[in-house]
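Biologist: Before we examine the model, I should like to learn how its features are read. May we take them one at a time?

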Amino acid sequence: MPRAARDLLALCRAAPYNAAVSPLPPRPLDPLWRGLRTLRVVVTVGLYLLVLPSGILPYAVFRVVGACRGWSPVERARHLQRLCAVGLRCMHWWLRVFRIISFDARQVRLQLPPGPCVVVANHPTSLDPTALIVLLGECCTLVKPAVYRQRLIGALLAQAMHFEGPSLDPGSVGNVLDEAMVRLRAGMHLFVFPEGTRSPEGELRPFDRIAFAIACRAGVPVVSLLLRCDPVYLSHATPLYRPPARQPRLVVETLAVDRPEQVGGDSRRLRDLVEGRFRAAVGSGDAHGNAAPPGAGRRWNRPGAGIN
């Protein structure tokens, strides 16, 4: 390969994924493609609402089978987690084939350590939790209290051993730490979005410390996953019914695996280490990828660090 080509390839690999680049020029048929994609979205949502009530039957069968076989709560949760992962894999297959948004778990190469771990990721789209459930399989997460307390979905989340995230009450943090210990001791992966909500386009919000406090208390590794969506879709700025003309593609890659002993079990230092690495990859830190000053805009009890 010519040297100039090698240098260009190395530069592309080293550049942050959302570094300032010239936007793709509009195409004459972009309004048509955007209209067709919007139509696909409307059809998909309509079909989802149509088949949603039928989901009660498989769940009832699952409960009966679990009771007959005498599954423990952990066994029941593992079976339900795998079942949910299969269902979400089918959902992403539909979204990919119907050209709404493309995510293919078969193209992701995770580098997970053996045993339980805490997985942290940035949060560019509302489909990020479903993508991580597909990738991790037997996993659980924190759920925004307002979602967890909904009567219809709360029971299903609890059966799968997802648990309520911290509320605005500072005392809720202790309960979250205790619940996380139970899941990690059972050998599950726990994934958390430290920003607590979806990321601004091309940026990151300050990271909360709770995911790193959990990892330090349990003595388990922290796996950092970088999520990219190009073009951006299902963010705060690009809602469901405003899809881009080009098909969005959601990509997941492993940034690093960090262990609490690297920082002496200090959750603040672990958070700053991981956050700085994310900011370097996203391009929202300083020239050296440094995070915002410790404590800036952070709090323990920001709701919604997982499903929100």
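Modeller: Certainly. This is a predicted model, and we may begin with a single residue: Leu234 sits in the loop between E5 and E6. Its backbone is notable, since Leu234 is not a glycine and yet has a positive phi of about 60 degrees.

Biologist: Is Leu234 buried or exposed?

Modeller: One compares the relative accessible area with a cut-off: under 20% is buried. Leu234 has 8% relative accessibility and therefore counts as buried.

Biologist: Which peptide bond in the model is cis?

Modeller: Omega is the angle to read here. The bond that joins Asp230 and Pro231 is cis, with omega about -10 degrees. Pro231 belongs to the loop between strand E5 (222-230) and strand E6 (249-258).

Biologist: Which residue that follows H7 has a positive phi?

Modeller: That residue is Met161, with phi near 65 degrees. Met161 is not a glycine either, and its place is in the loop between H7 and strand E3 (163-164). With a relative accessible area of 9%, Met161 is buried. Within H7, the buried residues are Gly154, Leu157 and Gln159; the buried residues of this helix pack against H3, H4, E2 and helix H6 (145-148).

Biologist: Let us turn to H4. How does one check the length of a helix?

Modeller: One sets the expected span beside the distance between the end C-alpha atoms. For the 25 residues of H4, a rise of 1.5 Å a residue gives an expected span of 36 Å, and the end C-alpha atoms are 36 Å apart, so the two agree.

Biologist: Which residues of H4 are buried, and what covers them?

Modeller: The buried residues are Ala77, Arg78, Leu80, Gln81, Ala85, Leu88, His92, Leu95 and Arg96. Their cover includes helix H2 (30-51), helix H3 (56-69), H5, strand E2 (139-143) and helix H7 (151-159).

Biologist: At what angle do H4 and H5 cross?

Modeller: The axes of helix H4 (residues 73-97) and helix H5 (residues 128-136) cross at roughly 120 degrees and come within 9 Å. The two helices are therefore oblique to each other, and H4 passes H5 in a left-handed crossing. On the H4 side the contact is made by Ala85, Leu88, Arg89, Met91 and His92, and on the H5 side by Thr130, Ala131, Ile133 and Val134. By class, the residues of this contact are 6 nonpolar, 2 polar and 1 charged.

Biologist: How do H8 and H9 pack?

Modeller: Helix H8 (residues 172-185) and helix H9 (residues 210-218) have axes 10 Å apart and an angle of about 50 degrees. H8 and H9 are therefore oblique to each other, and H8 passes H9 in a right-handed crossing. Val173, Val176, Leu177, Asp178, Ala180, Met181 and Leu184 of H8 meet Ile210, Ala213, Ile214, Arg217 and Ala218 of H9. This contact has 10 nonpolar, no polar and 2 charged residues.

Biologist: Where does Gln107 lie?

Modeller: Gln107 is in the loop between H4 and strand E1 (117-121). Its relative accessible area is 54%, so Gln107 is exposed. Although Gln107 and Glu253 are 146 residues apart along the chain, their C-alpha atoms are separated by 9.8 Å.

Biologist: How many helices and strands does the chain have?

Modeller: The chain has 10 helices and 6 strands. Of its 308 residues, 44% are buried. Among contacts between residues at least 6 apart in sequence, 75% join residues at least 24 apart.

How values were computed
Residues are numbered from 1 along each chain as its sequence is written. This is a predicted model: local features need pLDDT of at least 70, side-chain atom pairs count only at pLDDT 80 or more; totals for chains, interfaces and linings use all residues. Side-chain values use heavy atoms; hydrogens and water are left out. Axes are lines fitted to C-alpha atoms, for helices over the stretch in contact, and angles run from 0 to 180 degrees between N-to-C directions. Helices (H or I, at least four residues) and strands (E, at least two) are DSSP runs, numbered from the N terminus. Angles under 35 degrees count as roughly parallel, over 145 as roughly antiparallel, 65 to 115 as roughly perpendicular and the rest as oblique. A crossing is left-handed if the near helix is turned anticlockwise from the far one by less than a right angle, and right-handed if clockwise. Contact means heavy atoms within 4.5 Å. Ala, Val, Leu, Ile, Met, Phe, Trp, Tyr, Cys and Pro count as nonpolar, Asp, Glu, Lys and Arg as charged, and the others, Gly among them, as polar. The expected span of a helix is 1.5 Å times one less than its number of residues. Buried means under 20% relative accessible area, exposed over 50%, partly exposed in between (1.4 Å probe, protein chains only).
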